[in-house]
Amino acid sequence: MRILQISSSESFGGGEKHFCDLVAGLSERGNTVFAAVRPGCGWKDRLEGLSSDRIYEVSLRGSADMLAAFRLSRLIRDLKPDIVHAHMARDYAPAAFAARIAGRSKLVLTRHVLFPMSQINRYLLRNAARVIAVSSGVEPN
């Protein structure tokens, strides 16, 4: 399976540790994994088991960043992933839009935060095949 993991985080914390562990685990299981990270992110060297030619820098500045969405859609068309997996709330909308434009990948989101998703996000993210909640407390209704 081909999987594009997306995170715009600049600093390294628990969510980024999860991201790196997931990338390593999926790679070890024989999947072809790619990562789209923010330019200059200080933790991309922690993506063990992922060669530098599978790490892409995409300027993701927020949930309304349509330029990033178009860049991601081009990356999705080029890489042809089966799954596009966004990990940060601000990456959800650009990833959803990009997956919709590229038209071939399933969108998966991981929820790490306790506050509920807004109604606009529920609408924008309707093409998500799955939403993974890291605990029952963050599970969307």
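A salt bridge, as I use the term this morning, is a side-chain nitrogen of Lys or Arg within 4 Å of a carboxyl oxygen of Asp or Glu. D21 and K17 satisfy that criterion, with their closest N and O atoms 3.0 Å apart. I should say at once that this is a predicted model. I shall begin with the overall architecture, continue with the strands, and then return to the charged pairs and the surface.

The protein has 141 residues, of which 45% count as buried. It contains four helices and six strands. Read from the N terminus, the order of the elements is β-α-β-β-α-β-α-β-α-β.

Let me turn to strand pairing, starting with β1, residues 2-7. Strand β1 is largely enclosed by the rest of the structure, because five of its six residues are buried. On one pairing, β1 runs parallel to β2, residues 32-37, and six bridges join the two. Strand β1 also runs parallel to β4, in this case with four bridges. I6 illustrates both pairings: it stands opposite A36 in β2, and its bridge partner in β4 is A86.

Where does the pairing continue from β4? Strand β4 pairs with β5, residues 106-111, over four bridges in the parallel sense. Here A86 has L109 of β5 as its bridge partner. One can therefore follow a path from I6 to A86 and from A86 to L109.

Are the faces of β4 covered or open? Both faces are covered: I83 and H85 on one side, and V84 and A86 on the other, are all buried.

L109 also provides a link to the last strand I shall discuss. Its C-alpha atom is separated by 7.1 Å from that of A128, although the two residues are 19 apart along the chain. A128 belongs to strand β6, residues 128-133. With a relative accessible area of 21%, A128 is partly exposed, since the buried class requires a value under 20%.

I now come back to the charged pairs. As a general matter, side chains of opposite charge can pair when their charged atoms come close. How many salt bridges are there by the rule I gave at the start? The count comes to three.

The pair I opened with, D21 and K17, lies within helix α1. Because these residues are four apart in that helix, about one helical turn separates them. D21 is partly exposed, at 42% relative accessible area, and K17 is also partly exposed, at 42% relative accessibility.

Another salt bridge joins the side chains of R38 and E10, with an N to O distance of 4.0 Å. This pair links distant parts of the chain: R38 is in the loop between β2 and β3, E10 is in the loop between β1 and α1, and they are 28 residues apart. Which of the two classes, buried or exposed, applies to R38? At 16% relative accessibility, R38 counts as buried. E10, at 53%, counts as exposed.

There is also a salt bridge between E57 and K44, whose closest N and O atoms are 2.5 Å apart. Again distant parts of the chain are linked, with E57 in strand β3, K44 in the loop between β2 and β3, and their positions 13 residues apart. E57 is partly exposed at 42% relative accessibility, and K44 is partly exposed at 31%.

Finally, the surface, where helix α2 deserves attention. This helix spans residues 66-79. M66 is placed in it, and R77 lies in it as well. Each of these residues contributes to a patch. M66 joins F70 and I101 in a nonpolar surface patch, with about 240 Å² of accessible area together. R77 joins R61, R71 and R74 in a positive surface patch. What are the accessibilities of these two members? M66 is partly exposed, with a relative accessible area of 32%, and R77 is partly exposed at 41%.

I close with one backbone detail. K80 is found in the loop between α2 and β4. Its phi is near 55°, a positive value in a residue other than glycine. K80 is partly exposed, with a relative accessible area of 44%.

Terms used:
Residues numbered from 1 in each chain as written. Predicted model: local features only at pLDDT ≥ 70, side-chain atom pairs only at ≥ 80, totals over all residues. Heavy atoms only, no water. Patch = residues over 30% accessible without salt bridge, like charges linked within 9 Å, V, L, I, M, F, W, Y side chains within 5 Å. Areas by Shrake-Rupley, 256 points an atom, 1.4 Å probe, with all protein chains shown as cover. Lys, Arg positive; Asp, Glu negative; His and termini not counted. Charge placed at Lys NZ, Arg CZ, Asp CG, Glu CD. Buried < 20%, exposed > 50% of the residue type's maximum accessible area, 1.4 Å probe, protein only. Pairing = 2+ DSSP bridges.
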